[in-house]
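Here are my notes for your read-through, in numbered points. Keep the viewer open and find each residue as you go.

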Amino acid sequence: MADVGVDETLLKGVAERVAGEAAELVHEAWTGMNAGREVRVDTKSADTDVVTAVDHESERLVRARLAELRPDDAVLGEEGGGIAGDGVTWVVDPIDGTVNFLYGLPWFAVSVAAQVGGVSVAGAVVEPVSGRRWTAARGQGAFLDGRPLSVNTPSRLDLTLVGTGFAYKVERRTKQAGFVAELATRVRDVRRNGAASLDLCAVAAGWLDAYVEHGLGHWDWAAGALIAAEAGAQVSLPGEDTELGPDATFAVAPSIAAPLREALIESGVGAI
């Protein structure tokens, strides 16, 4: 990656600040929704793929604040689109885990990452309900509310806890169900939490030993994958390990990386 003279520490601070402000907006809306206030809901790729008015409001806030703090940078958002710039590009997921948000489940987050040349150099994932703040900058480690993070060191495949997720399209979900059924016989257990950014952060914290999912958007992994990597995880992004599938994201504790990757392939991960 070309060195464009970025200050990763400064960018991490901007990411945390902006994500935190958006998380406050999302939390207020979530609290109101749970008290009976209506939230407008639309669909995208399928009837189960939802977007709310709060997603749009959150992204508008992030874009407005970045325009004030970093006016020369590009922004790529899940709802508002955009293209990468020549310098710093901010990759934004205004609510990762929208279905959880709608159901009242507190496992969702605002994710903001700074990238240069398509590579994440700083990022923050902020949980609106708990207030937890996950942060990282390239070469500086990963943190949860200022506490350094480190991945687990599982010694055996059958003691490995793996996170995953499912696509919105029925055809792909069917393949994923078969894969998970096979994988579950080889590992401790499988979790499906519904927010990719937080699953990647969970690997960083040792709450999961590994995470694998297909079809993620750029905004889903931009901050979380950096946080996992800076906590010591081995991370492969879409297109980097085709045996796992051309659009697979994989983060894993190094101690179990080789046998788990083999188990994933034998369980049919590459055919999803």
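1. Start at the front end of helix H1, where Asp7 acts as the N-terminal cap. One of the side-chain oxygens of Asp7 sits 3.1 Å from the backbone nitrogen of Thr9. Keep in mind that this is a predicted model.

2. Now follow H1 along. The helix covers residues 8-34, which is 27 residues. From first C-alpha to last, H1 reaches 38 Å, close to the 39 Å expected at 1.5 Å a residue. What comes after H1, and what is the sign of its phi? Gly36 follows the helix, and its phi is positive, near 115 degrees.

3. Next, have a look at strand E3, residues 74-77. Ala74 and Leu76 point one way, while Val75 and Gly77 point the other way. Are these residues buried or exposed? All of them are buried.

4. E3 has a partner, strand E4, which spans residues 88-96. The two run parallel and are joined by four bridges. If you want a landmark, find Val75 and look across to E4: Trp90 stands opposite.

5. On to the aromatic rings. There are three aromatic pairs by the rule used here. One of them joins Phe101 and Phe108, with 5.3 Å centre to centre and 85 degrees between the planes. Why is this pair called edge-to-face? The planes are 85 degrees apart, and an angle over 60 counts as edge-to-face. Trp30 joins Phe101 and Phe108 in one aromatic cluster.

6. How accessible are those two Phe residues? Phe101 has a relative accessible area of 0%, so it is buried. Phe108 also counts as buried because its relative accessibility is 0%.

7. Then there is the largest nonpolar core, with 36 residues. Which members touch the most others? They are Val125, Trp134, Leu149, Leu198, Val203, Trp221 and Ile227. Strands E5 (109-116), E7 (133-137) and E8 (142-144) each give two or more residues to this core, as do helices H5 (196-205) and H6 (218-230). H5 gives the most, with eight residues.

8. Leu198 is worth a click of its own. Leaving aside residues up to four places away in sequence, Leu198 touches Asp96, Trp107, Phe108, Ala109, Val125, Glu127 and Trp134.

9. Finally, a second core, separate from the largest one, has 30 residues. Among them are Val14, Ile95, Phe108 and Val116. You have met Phe108 before, in the aromatic cluster with Trp30 and Phe101.

Key: Residues numbered from 1 in each chain as written. Predicted model: local features only at pLDDT ≥ 70, side-chain atom pairs only at ≥ 80, totals over all residues. Heavy atoms only, no water. Phe/Tyr/Trp six-rings, centres within 6.5 Å; stacked < 30°, edge-to-face > 60°. Buried < 20%, exposed > 50% of the residue type's maximum accessible area, 1.4 Å probe, protein only. Core = buried A, V, L, I, M, F, W, Y, C linked by side-chain atoms within 4.5 Å. Contact = heavy atoms within 4.5 Å. Expected span 1.5 Å × (residues − 1). Polar contact = N/O pair within 3.5 Å; in protein donor to acceptor, adjacent residues only side chain to side chain. Pairing = 2+ DSSP bridges.
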